[in-house]
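Trainee: Could we go through this one together, starting with the charged pairs and ending with how the copies relate?

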Protein chains: 2
Amino acid sequence: MTSTLTGYNTETLKNGDPEPAPPAKGTFRIYNMRFCPWAQRALIYAAAKNIPTEVVNIHLKEKPDWYFSKHYRGQVPALEHDEGKKHIIESAVIPEYLDDIFPENRILPTDPYEKFQQKLLLDRLVAVAPAFYGAVQSAGDPSIRAEKYAALVKAFEEAEKLLEGEFYSGTSKPGYVDYLIYPNIQRSYWLSHLLPEFPLATSGFPGPKFPKLAKWFHTVGNLPEVVAGSQPTETGVGFFVDYVKGNPDYNFGL
Amino acid sequence: MTSTLTGYNTETLKNGDPEPAPPAKGTFRIYNMRFCPWAQRALIYAAAKNIPTEVVNIHLKEKPDWYFSKHYRGQVPALEHDEGKKHIIESAVIPEYLDDIFPENRILPTDPYEKFQQKLLLDRLVAVAPAFYGAVQSAGDPSIRAEKYAALVKAFEEAEKLLEGEFYSGTSKPGYVDYLIYPNIQRSYWLSHLLPEFPLATSGFPGPKFPKLAKWFHTVGNLPEVVAGSQPTETGVGFFVDYVKGNPDYNFGL
(Lines give C-alpha, C1' and ligand atoms only; values in the text may rest on other atoms or scores of the structure.)
Protein backbone atom coordinates (compact mmCIF):
# COMPACT_ATOMS: atom_id res chain seq x y z
CA MET A 1 0.00 0.00 0.00
CA THR A 2 1.31 3.42 -0.93
CA SER A 3 0.45 5.97 1.71
CA THR A 4 -2.25 8.44 0.76
CA LEU A 5 -0.92 10.93 3.31
CA THR A 6 1.28 13.72 1.99
CA GLY A 7 3.20 16.34 3.95
CA TYR A 8 3.22 14.33 7.16
CA ASN A 9 6.86 15.06 7.91
CA THR A 10 6.93 18.79 7.33
CA GLU A 11 7.68 21.64 9.74
CA THR A 12 4.94 23.10 11.90
CA LEU A 13 3.22 26.33 10.95
CA LYS A 14 3.30 28.87 13.74
CA ASN A 15 2.16 32.35 14.63
CA GLY A 16 3.15 34.69 11.81
CA ASP A 17 3.13 32.00 9.11
CA PRO A 18 0.54 32.63 6.39
CA GLU A 19 -2.59 30.50 6.17
CA PRO A 20 -2.22 27.82 3.51
CA ALA A 21 -4.55 27.92 0.48
CA PRO A 22 -7.67 25.75 0.95
CA PRO A 23 -7.33 22.10 -0.05
CA ALA A 24 -8.13 21.41 -3.71
CA LYS A 25 -11.47 19.91 -4.70
CA GLY A 26 -11.68 16.27 -3.60
CA THR A 27 -8.67 16.59 -1.30
CA PHE A 28 -8.82 16.30 2.47
CA ARG A 29 -6.52 18.06 4.89
CA ILE A 30 -5.76 17.07 8.47
CA TYR A 31 -4.24 19.65 10.80
CA ASN A 32 -1.83 17.69 12.91
CA MET A 33 1.13 17.68 15.28
CA ARG A 34 3.47 14.78 14.47
CA PHE A 35 3.58 13.43 18.02
CA CYS A 36 -0.04 14.02 19.04
CA PRO A 37 -1.82 10.69 19.70
CA TRP A 38 -5.24 12.25 19.08
CA ALA A 39 -4.33 13.63 15.66
CA GLN A 40 -2.66 10.31 14.83
CA ARG A 41 -6.06 8.63 15.10
CA ALA A 42 -7.31 10.68 12.16
CA LEU A 43 -4.17 9.99 10.09
CA ILE A 44 -4.39 6.22 10.61
CA TYR A 45 -8.09 6.22 9.73
CA ALA A 46 -7.55 8.28 6.58
CA ALA A 47 -4.74 5.91 5.56
CA ALA A 48 -6.90 2.84 6.32
CA LYS A 49 -9.63 4.25 4.07
CA ASN A 50 -7.23 5.30 1.29
CA ILE A 51 -8.40 8.90 1.39
CA PRO A 52 -6.02 11.33 -0.37
CA THR A 53 -5.05 13.56 2.54
CA GLU A 54 -2.57 16.35 2.99
CA VAL A 55 -1.18 16.87 6.45
CA VAL A 56 -0.46 20.34 7.83
CA ASN A 57 1.44 20.45 11.12
CA ILE A 58 0.63 23.13 13.69
CA HIS A 59 2.94 24.49 16.40
CA LEU A 60 0.86 23.91 19.51
CA LYS A 61 2.62 26.49 21.68
CA GLU A 62 2.74 29.29 19.09
CA LYS A 63 -0.51 28.77 17.20
CA PRO A 64 -1.26 30.85 14.12
CA ASP A 65 -4.28 33.13 14.67
CA TRP A 66 -5.96 31.77 11.54
CA TYR A 67 -5.91 28.26 13.00
CA PHE A 68 -8.80 29.16 15.32
CA SER A 69 -11.03 29.40 12.24
CA LYS A 70 -10.32 25.68 11.67
CA HIS A 71 -10.79 24.59 15.30
CA TYR A 72 -12.47 26.96 17.73
CA ARG A 73 -10.24 25.81 20.62
CA GLY A 74 -7.13 25.64 18.47
CA GLN A 75 -6.46 21.95 19.08
CA VAL A 76 -5.47 19.16 16.69
CA PRO A 77 -6.77 17.25 14.85
CA ALA A 78 -9.07 19.21 12.57
CA LEU A 79 -10.28 17.89 9.23
CA GLU A 80 -10.83 20.37 6.40
CA HIS A 81 -12.38 19.63 3.02
CA ASP A 82 -14.83 20.81 0.37
CA GLU A 83 -12.28 23.45 -0.69
CA GLY A 84 -11.98 24.80 2.86
CA LYS A 85 -15.73 25.14 3.45
CA LYS A 86 -16.10 22.20 5.84
CA HIS A 87 -14.35 21.58 9.16
CA ILE A 88 -14.74 18.61 11.48
CA ILE A 89 -12.99 18.34 14.83
CA GLU A 90 -12.44 15.82 17.65
CA SER A 91 -10.32 12.70 17.28
CA ALA A 92 -13.16 10.21 17.80
CA VAL A 93 -15.54 12.12 15.55
CA ILE A 94 -13.40 12.63 12.44
CA PRO A 95 -13.11 8.85 11.82
CA GLU A 96 -16.86 8.39 12.18
CA TYR A 97 -17.44 11.27 9.77
CA LEU A 98 -15.06 9.71 7.23
CA ASP A 99 -17.04 6.47 7.49
CA ASP A 100 -20.29 8.36 6.98
CA ILE A 101 -19.12 10.14 3.84
CA PHE A 102 -17.22 7.13 2.46
CA PRO A 103 -19.50 4.24 3.39
CA GLU A 104 -18.05 1.99 0.66
CA ASN A 105 -15.12 1.06 2.92
CA ARG A 106 -16.81 1.67 6.22
CA ILE A 107 -14.80 0.54 9.27
CA LEU A 108 -17.38 1.10 12.02
CA PRO A 109 -20.19 -1.49 12.12
CA THR A 110 -23.39 -0.45 10.36
CA ASP A 111 -25.62 -2.03 13.02
CA PRO A 112 -26.41 0.79 15.50
CA TYR A 113 -25.94 -1.37 18.59
CA GLU A 114 -22.62 -2.79 17.39
CA LYS A 115 -21.48 0.72 16.46
CA PHE A 116 -22.25 2.10 19.91
CA GLN A 117 -20.57 -0.87 21.57
CA GLN A 118 -17.38 0.11 19.72
CA LYS A 119 -17.70 3.67 21.00
CA LEU A 120 -18.30 2.44 24.53
CA LEU A 121 -15.26 0.17 24.34
CA LEU A 122 -13.12 3.10 23.20
CA ASP A 123 -14.46 5.16 26.08
CA ARG A 124 -13.36 2.47 28.53
CA LEU A 125 -9.93 1.93 26.96
CA VAL A 126 -9.10 5.61 26.84
CA ALA A 127 -8.29 5.39 30.56
CA VAL A 128 -4.78 4.50 29.33
CA ALA A 129 -4.35 8.17 28.30
CA PRO A 130 -4.62 9.88 31.73
CA ALA A 131 -2.57 6.98 33.19
CA PHE A 132 0.13 7.72 30.62
CA TYR A 133 0.12 11.45 31.42
CA GLY A 134 0.42 10.53 35.11
CA ALA A 135 3.54 8.51 34.34
CA VAL A 136 4.97 11.47 32.38
CA GLN A 137 4.31 13.71 35.36
CA SER A 138 6.21 11.33 37.62
CA ALA A 139 9.35 11.90 35.53
CA GLY A 140 9.64 15.32 37.15
CA ASP A 141 8.45 14.24 40.59
CA PRO A 142 9.75 10.83 41.76
CA SER A 143 7.64 11.07 44.94
CA ILE A 144 4.50 10.26 42.92
CA ARG A 145 6.16 7.55 40.83
CA ALA A 146 4.86 4.48 42.65
CA GLU A 147 1.29 5.75 42.59
CA LYS A 148 1.37 6.78 38.93
CA TYR A 149 3.04 3.56 37.79
CA ALA A 150 0.42 1.52 39.67
CA ALA A 151 -2.35 3.45 37.91
CA LEU A 152 -0.71 2.79 34.54
CA VAL A 153 -0.46 -0.95 35.20
CA LYS A 154 -4.08 -0.99 36.28
CA ALA A 155 -5.18 0.70 33.03
CA PHE A 156 -3.20 -1.82 30.99
CA GLU A 157 -4.66 -4.73 32.98
CA GLU A 158 -8.10 -3.41 32.12
CA ALA A 159 -7.11 -3.10 28.43
CA GLU A 160 -5.87 -6.71 28.51
CA LYS A 161 -9.15 -7.83 30.03
CA LEU A 162 -11.24 -5.94 27.45
CA LEU A 163 -9.41 -7.55 24.52
CA GLU A 164 -11.52 -10.64 24.00
CA GLY A 165 -10.37 -11.81 20.56
CA GLU A 166 -7.50 -10.83 18.32
CA PHE A 167 -8.79 -7.28 17.83
CA TYR A 168 -10.95 -4.83 19.78
CA SER A 169 -13.24 -4.83 16.73
CA GLY A 170 -14.52 -8.20 17.87
CA THR A 171 -13.90 -9.51 14.34
CA SER A 172 -10.93 -11.00 12.51
CA LYS A 173 -9.96 -7.55 11.17
CA PRO A 174 -8.77 -4.42 12.97
CA GLY A 175 -11.50 -1.81 13.40
CA TYR A 176 -12.40 1.60 14.77
CA VAL A 177 -11.27 0.91 18.34
CA ASP A 178 -8.01 -0.75 17.26
CA TYR A 179 -7.04 2.20 15.08
CA LEU A 180 -8.11 4.84 17.59
CA ILE A 181 -6.56 3.36 20.74
CA TYR A 182 -3.24 2.34 19.16
CA PRO A 183 -1.67 5.83 19.42
CA ASN A 184 -2.50 6.05 23.13
CA ILE A 185 -0.99 2.60 23.80
CA GLN A 186 2.04 3.46 21.71
CA ARG A 187 2.82 6.50 23.89
CA SER A 188 3.47 4.24 26.88
CA TYR A 189 5.70 2.09 24.67
CA TRP A 190 7.79 5.15 23.81
CA LEU A 191 7.88 6.11 27.48
CA SER A 192 9.11 2.61 28.42
CA HIS A 193 12.40 3.43 26.66
CA LEU A 194 13.07 6.38 28.93
CA LEU A 195 11.70 6.26 32.44
CA PRO A 196 13.46 4.47 35.31
CA GLU A 197 11.87 1.32 36.73
CA PHE A 198 9.05 1.61 34.20
CA PRO A 199 6.43 -1.02 35.03
CA LEU A 200 5.78 -2.13 31.41
CA ALA A 201 8.40 -4.07 29.39
CA THR A 202 9.90 -2.47 26.26
CA SER A 203 10.65 -5.83 24.69
CA GLY A 204 7.41 -7.59 23.82
CA PHE A 205 5.59 -4.50 25.08
CA PRO A 206 3.73 -4.29 27.41
CA GLY A 207 5.30 -7.53 28.62
CA PRO A 208 4.49 -11.15 29.50
CA LYS A 209 1.78 -10.22 32.00
CA PHE A 210 -0.26 -8.90 29.03
CA PRO A 211 -0.12 -11.71 26.46
CA LYS A 212 -3.16 -10.69 24.39
CA LEU A 213 -2.21 -7.02 24.36
CA ALA A 214 1.42 -7.79 23.46
CA LYS A 215 0.30 -9.78 20.40
CA TRP A 216 -2.20 -7.05 19.50
CA PHE A 217 0.38 -4.25 19.83
CA HIS A 218 2.81 -6.07 17.56
CA THR A 219 0.15 -6.92 14.96
CA VAL A 220 -1.52 -3.51 14.85
CA GLY A 221 1.78 -1.61 14.90
CA ASN A 222 2.84 -3.40 11.72
CA LEU A 223 -0.32 -2.79 9.71
CA PRO A 224 0.59 -0.63 6.67
CA GLU A 225 -2.12 1.95 7.49
CA VAL A 226 -0.83 2.26 11.05
CA VAL A 227 2.79 2.56 9.93
CA ALA A 228 1.72 5.24 7.42
CA GLY A 229 0.00 7.32 10.11
CA SER A 230 2.58 6.91 12.89
CA GLN A 231 6.08 8.12 13.70
CA PRO A 232 8.80 5.46 13.91
CA THR A 233 9.80 4.36 17.41
CA GLU A 234 13.19 6.10 17.38
CA THR A 235 11.62 9.43 16.41
CA GLY A 236 8.88 9.10 19.02
CA VAL A 237 11.35 8.19 21.75
CA GLY A 238 13.64 11.03 20.70
CA PHE A 239 10.79 13.53 20.91
CA PHE A 240 9.91 12.20 24.36
CA VAL A 241 13.38 12.95 25.77
CA ASP A 242 12.52 16.65 25.63
CA TYR A 243 8.77 16.20 26.10
CA VAL A 244 9.08 14.63 29.56
CA LYS A 245 11.19 17.65 30.55
CA GLY A 246 8.30 19.93 29.49
CA ASN A 247 10.17 21.24 26.48
CA PRO A 248 8.80 19.52 23.36
CA ASP A 249 10.34 20.14 19.93
CA TYR A 250 7.42 19.74 17.55
CA ASN A 251 9.80 19.53 14.60
CA PHE A 252 11.99 16.81 16.14
CA GLY A 253 13.57 14.51 13.59
CA LEU A 254 12.98 16.67 10.51
CA MET B 1 -49.67 14.44 23.36
CA THR B 2 -49.92 11.77 26.05
CA SER B 3 -46.57 11.07 27.61
CA THR B 4 -44.99 7.76 26.62
CA LEU B 5 -42.91 7.76 29.82
CA THR B 6 -44.18 5.64 32.69
CA GLY B 7 -42.82 5.41 36.21
CA TYR B 8 -41.01 8.75 36.04
CA ASN B 9 -42.16 9.85 39.49
CA THR B 10 -41.38 6.71 41.47
CA GLU B 11 -38.99 6.18 44.36
CA THR B 12 -35.35 5.37 43.69
CA LEU B 13 -34.06 1.81 43.90
CA LYS B 14 -31.08 1.50 46.21
CA ASN B 15 -28.61 -1.01 47.54
CA GLY B 16 -30.53 -4.04 48.79
CA ASP B 17 -33.51 -3.52 46.49
CA PRO B 18 -34.00 -6.40 44.03
CA GLU B 19 -33.20 -5.96 40.34
CA PRO B 20 -36.37 -5.32 38.34
CA ALA B 21 -37.40 -7.87 35.70
CA PRO B 22 -36.09 -7.04 32.21
CA PRO B 23 -38.28 -4.72 30.13
CA ALA B 24 -40.92 -6.52 28.07
CA LYS B 25 -40.39 -7.07 24.34
CA GLY B 26 -40.64 -3.79 22.46
CA THR B 27 -40.39 -1.71 25.64
CA PHE B 28 -37.51 0.59 26.46
CA ARG B 29 -36.29 1.39 29.94
CA ILE B 30 -34.27 4.39 31.03
CA TYR B 31 -32.41 4.28 34.33
CA ASN B 32 -32.74 7.77 35.70
CA MET B 33 -32.50 10.10 38.68
CA ARG B 34 -35.36 12.61 38.62
CA PHE B 35 -33.14 15.66 39.00
CA CYS B 36 -30.20 14.59 36.83
CA PRO B 37 -29.86 16.87 33.78
CA TRP B 38 -27.97 14.20 31.81
CA ALA B 39 -30.63 11.53 32.29
CA GLN B 40 -33.28 14.14 31.48
CA ARG B 41 -31.80 14.40 27.98
CA ALA B 42 -32.72 10.79 27.31
CA LEU B 43 -36.24 11.20 28.74
CA ILE B 44 -37.00 14.26 26.61
CA TYR B 45 -35.69 12.53 23.48
CA ALA B 46 -37.71 9.37 24.13
CA ALA B 47 -40.81 11.55 24.68
CA ALA B 48 -40.10 13.55 21.50
CA LYS B 49 -39.88 10.32 19.52
CA ASN B 50 -42.97 8.76 21.16
CA ILE B 51 -41.06 5.71 22.31
CA PRO B 52 -42.86 3.67 24.99
CA THR B 53 -40.40 3.94 27.86
CA GLU B 54 -40.46 2.93 31.48
CA VAL B 55 -38.34 4.95 33.86
CA VAL B 56 -36.50 3.35 36.77
CA ASN B 57 -34.95 5.76 39.27
CA ILE B 58 -31.62 4.92 40.90
CA HIS B 59 -30.32 6.18 44.25
CA LEU B 60 -26.99 7.68 43.22
CA LYS B 61 -25.37 7.54 46.68
CA GLU B 62 -26.53 4.01 47.57
CA LYS B 63 -26.42 2.24 44.21
CA PRO B 64 -27.69 -1.31 43.91
CA ASP B 65 -24.86 -3.73 43.02
CA TRP B 66 -26.82 -5.04 40.05
CA TYR B 67 -26.91 -1.57 38.53
CA PHE B 68 -23.27 -1.90 37.49
CA SER B 69 -24.37 -4.56 34.99
CA LYS B 70 -26.43 -1.85 33.27
CA HIS B 71 -23.76 0.87 33.36
CA TYR B 72 -20.16 -0.09 34.13
CA ARG B 73 -19.54 3.15 36.03
CA GLY B 74 -22.94 3.10 37.71
CA GLN B 75 -24.05 6.47 36.33
CA VAL B 76 -27.35 7.55 34.83
CA PRO B 77 -28.74 7.54 32.21
CA ALA B 78 -28.59 3.99 30.88
CA LEU B 79 -30.96 2.70 28.21
CA GLU B 80 -32.02 -0.95 28.34
CA HIS B 81 -34.06 -2.82 25.74
CA ASP B 82 -34.38 -6.04 23.75
CA GLU B 83 -35.67 -7.77 26.89
CA GLY B 84 -32.65 -6.68 28.90
CA LYS B 85 -30.05 -7.86 26.38
CA LYS B 86 -28.99 -4.41 25.12
CA HIS B 87 -27.59 -1.50 27.11
CA ILE B 88 -26.59 1.91 25.82
CA ILE B 89 -25.02 4.61 28.01
CA GLU B 90 -23.99 8.29 27.84
CA SER B 91 -26.46 11.14 27.61
CA ALA B 92 -25.37 12.37 24.17
CA VAL B 93 -25.19 8.85 22.73
CA ILE B 94 -28.58 7.44 23.77
CA PRO B 95 -30.49 10.04 21.68
CA GLU B 96 -28.33 9.33 18.64
CA TYR B 97 -28.92 5.61 19.09
CA LEU B 98 -32.68 6.15 19.32
CA ASP B 99 -32.51 8.09 16.04
CA ASP B 100 -30.52 5.27 14.43
CA ILE B 101 -32.97 2.56 15.42
CA PHE B 102 -36.08 4.69 14.80
CA PRO B 103 -35.10 6.65 11.68
CA GLU B 104 -38.75 7.28 10.73
CA ASN B 105 -38.90 10.23 13.14
CA ARG B 106 -35.24 11.08 13.15
CA ILE B 107 -34.34 14.31 14.97
CA LEU B 108 -30.64 14.57 14.08
CA PRO B 109 -29.92 15.64 10.48
CA THR B 110 -29.21 12.79 8.06
CA ASP B 111 -26.48 14.72 6.25
CA PRO B 112 -23.18 13.73 7.95
CA TYR B 113 -21.78 17.26 8.02
CA GLU B 114 -24.98 18.77 9.42
CA LYS B 115 -25.13 15.99 12.00
CA PHE B 116 -21.59 16.61 13.21
CA GLN B 117 -22.21 20.36 13.32
CA GLN B 118 -25.03 19.65 15.79
CA LYS B 119 -22.66 17.58 17.92
CA LEU B 120 -20.05 20.29 17.80
CA LEU B 121 -22.58 22.92 18.81
CA LEU B 122 -23.63 20.79 21.78
CA ASP B 123 -19.98 20.40 22.75
CA ARG B 124 -19.60 24.19 22.81
CA LEU B 125 -22.83 24.86 24.70
CA VAL B 126 -22.13 22.30 27.38
CA ALA B 127 -19.77 24.81 28.98
CA VAL B 128 -22.91 25.98 30.83
CA ALA B 129 -22.69 22.77 32.92
CA PRO B 130 -19.34 23.31 34.68
CA ALA B 131 -20.28 27.00 35.06
CA PHE B 132 -23.49 25.91 36.81
CA TYR B 133 -21.60 23.54 39.13
CA GLY B 134 -19.22 26.40 39.94
CA ALA B 135 -22.18 28.55 40.99
CA VAL B 136 -23.48 25.70 43.18
CA GLN B 137 -20.05 25.46 44.80
CA SER B 138 -20.13 29.17 45.61
CA ALA B 139 -23.26 28.62 47.74
CA GLY B 140 -21.02 27.04 50.36
CA ASP B 141 -18.08 29.39 49.85
CA PRO B 142 -19.02 33.07 49.28
CA SER B 143 -15.35 33.98 48.73
CA ILE B 144 -15.49 32.39 45.26
CA ARG B 145 -18.91 33.79 44.40
CA ALA B 146 -17.83 36.73 42.21
CA GLU B 147 -15.52 34.54 40.14
CA LYS B 148 -18.05 31.70 39.70
CA TYR B 149 -20.91 34.07 38.84
CA ALA B 150 -18.73 35.79 36.22
CA ALA B 151 -17.95 32.40 34.65
CA LEU B 152 -21.66 31.56 34.55
CA VAL B 153 -22.54 34.85 32.84
CA LYS B 154 -19.77 34.26 30.33
CA ALA B 155 -21.12 30.79 29.49
CA PHE B 156 -24.61 32.22 28.99
CA GLU B 157 -23.27 35.04 26.81
CA GLU B 158 -21.64 32.41 24.63
CA ALA B 159 -24.91 30.43 24.50
CA GLU B 160 -26.75 33.62 23.45
CA LYS B 161 -24.17 34.22 20.73
CA LEU B 162 -24.40 30.65 19.42
CA LEU B 163 -28.20 30.84 19.07
CA GLU B 164 -28.51 32.16 15.55
CA GLY B 165 -32.17 31.49 14.76
CA GLU B 166 -35.13 30.45 16.87
CA PHE B 167 -33.60 27.05 17.74
CA TYR B 168 -30.11 25.58 18.00
CA SER B 169 -31.22 23.09 15.35
CA GLY B 170 -30.79 25.84 12.78
CA THR B 171 -34.30 25.05 11.50
CA SER B 172 -37.82 26.15 12.42
CA LYS B 173 -38.21 23.11 14.72
CA PRO B 174 -36.41 22.16 17.93
CA GLY B 175 -33.72 19.52 17.41
CA TYR B 176 -31.02 17.41 19.04
CA VAL B 177 -29.11 20.32 20.56
CA ASP B 178 -32.26 22.07 21.83
CA TYR B 179 -33.47 18.93 23.60
CA LEU B 180 -30.07 18.00 25.01
CA ILE B 181 -28.96 21.39 26.28
CA TYR B 182 -32.31 22.40 27.81
CA PRO B 183 -31.78 20.43 31.07
CA ASN B 184 -28.41 22.09 31.64
CA ILE B 185 -29.84 25.57 31.07
CA GLN B 186 -32.82 24.75 33.29
CA ARG B 187 -30.52 23.93 36.23
CA SER B 188 -29.33 27.55 36.34
CA TYR B 189 -32.98 28.68 36.21
CA TRP B 190 -33.73 26.59 39.29
CA LEU B 191 -30.63 27.95 41.00
CA SER B 192 -31.73 31.53 40.25
CA HIS B 193 -34.58 31.02 42.73
CA LEU B 194 -32.20 30.29 45.58
CA LEU B 195 -28.80 31.90 45.49
CA PRO B 196 -28.14 35.47 46.68
CA GLU B 197 -27.23 38.13 44.08
CA PHE B 198 -27.56 35.52 41.32
CA PRO B 199 -26.40 37.10 38.06
CA LEU B 200 -29.24 35.70 35.88
CA ALA B 201 -32.84 36.90 36.23
CA THR B 202 -35.52 34.42 37.36
CA SER B 203 -38.28 36.34 35.60
CA GLY B 204 -37.82 36.11 31.84
CA PHE B 205 -34.82 33.85 32.54
CA PRO B 206 -31.94 34.39 31.91
CA GLY B 207 -32.94 38.06 31.65
CA PRO B 208 -33.05 41.00 29.26
CA LYS B 209 -29.35 40.78 28.42
CA PHE B 210 -30.08 37.44 26.72
CA PRO B 211 -33.10 38.19 24.49
CA LYS B 212 -32.72 35.21 22.11
CA LEU B 213 -32.01 32.74 24.88
CA ALA B 214 -34.93 34.02 27.00
CA LYS B 215 -37.35 33.44 24.13
CA TRP B 216 -35.79 30.03 23.46
CA PHE B 217 -35.96 28.96 27.12
CA HIS B 218 -39.64 29.89 27.30
CA THR B 219 -40.51 28.15 24.01
CA VAL B 220 -38.54 24.96 24.60
CA GLY B 221 -39.64 24.68 28.24
CA ASN B 222 -43.26 24.59 27.11
CA LEU B 223 -42.92 21.93 24.43
CA PRO B 224 -45.02 18.90 25.45
CA GLU B 225 -42.08 16.48 25.05
CA VAL B 226 -39.90 18.70 27.26
CA VAL B 227 -42.61 19.06 29.90
CA ALA B 228 -43.07 15.26 29.85
CA GLY B 229 -39.37 14.63 30.47
CA SER B 230 -38.76 17.37 33.05
CA GLN B 231 -39.62 18.07 36.68
CA PRO B 232 -41.82 21.12 37.34
CA THR B 233 -40.03 24.25 38.53
CA GLU B 234 -41.29 24.07 42.12
CA THR B 235 -40.07 20.48 42.50
CA GLY B 236 -36.68 21.27 40.98
CA VAL B 237 -36.22 24.34 43.15
CA GLY B 238 -37.33 22.36 46.22
CA PHE B 239 -34.76 19.65 45.48
CA PHE B 240 -32.07 22.30 45.07
CA VAL B 241 -32.61 23.68 48.59
CA ASP B 242 -31.00 20.52 49.96
CA TYR B 243 -28.77 19.87 46.96
CA VAL B 244 -26.79 23.11 47.33
CA LYS B 245 -26.13 22.09 50.96
CA GLY B 246 -24.63 18.82 49.67
CA ASN B 247 -27.51 16.74 50.98
CA PRO B 248 -29.78 15.83 48.02
CA ASP B 249 -33.04 13.95 48.55
CA TYR B 250 -33.44 11.92 45.36
CA ASN B 251 -37.09 11.21 46.22
CA PHE B 252 -37.97 14.86 46.85
CA GLY B 253 -41.59 15.70 46.04
CA LEU B 254 -42.92 12.14 45.87
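Mentor: Sure, definition first: a salt bridge here is a side-chain nitrogen of Lys or Arg within 4 Å of a carboxyl oxygen of Asp or Glu. This is a predicted model, where local features need pLDDT of at least 70 and side-chain atom pairs count only at pLDDT 80 or more, while totals for chains, interfaces and linings use all residues; side-chain values use heavy atoms, with hydrogens and water left out. Residues are numbered from 1 along each chain as its sequence is written, and chains are lettered from A and ligands numbered from 1 in the order in which they are written.

Trainee: How many salt bridges are there over all chains?
Mentor: We just apply that nitrogen-to-oxygen rule. Over all chains, the count is 36.

Trainee: Which residue forms a salt bridge with Arg73(B), and where does it sit?
Mentor: Helices (H or I, at least four residues) and strands (E, at least two) are DSSP runs, numbered from the N terminus. Arg73(B) lies in the loop between strand E3 (53-57) and strand E4 (78-81) of chain B, and its partner is 17 residues apart, in the loop between strand E5 (86-89) and helix H2 (93-101). The closest N and O atoms are 2.7 Å apart, and the partner is Glu90(B).

Trainee: Is Arg73(B) buried, partly exposed or exposed?
Mentor: Buried means under 20% relative accessible area, exposed over 50%, and partly exposed in between, using a 1.4 Å probe and protein chains only. Arg73(B) comes out at 33% relative accessibility, so the label is partly exposed.

Trainee: Are Lys119(B) and Glu96(B) buried or exposed?
Mentor: These two form a salt bridge, with the closest N and O atoms 2.9 Å apart. The pair links helix H3 (residues 112-125) to helix H2 of chain B, 23 residues apart. Salt bridges that share partners place both in one network, whose members include Lys119(A) and Glu96(A). As for accessibility, both Lys119(B) and Glu96(B) are buried.

Trainee: What relation do chain A and chain B have?
Mentor: Copies are superposed by least squares on the C-alpha atoms of residues with pLDDT of at least 70 in both. A turn of 180 degrees and a shift of 0.0 Å along the axis lay chain A on chain B with an RMSD of 0.0 Å. That is the relation of a two-fold axis.
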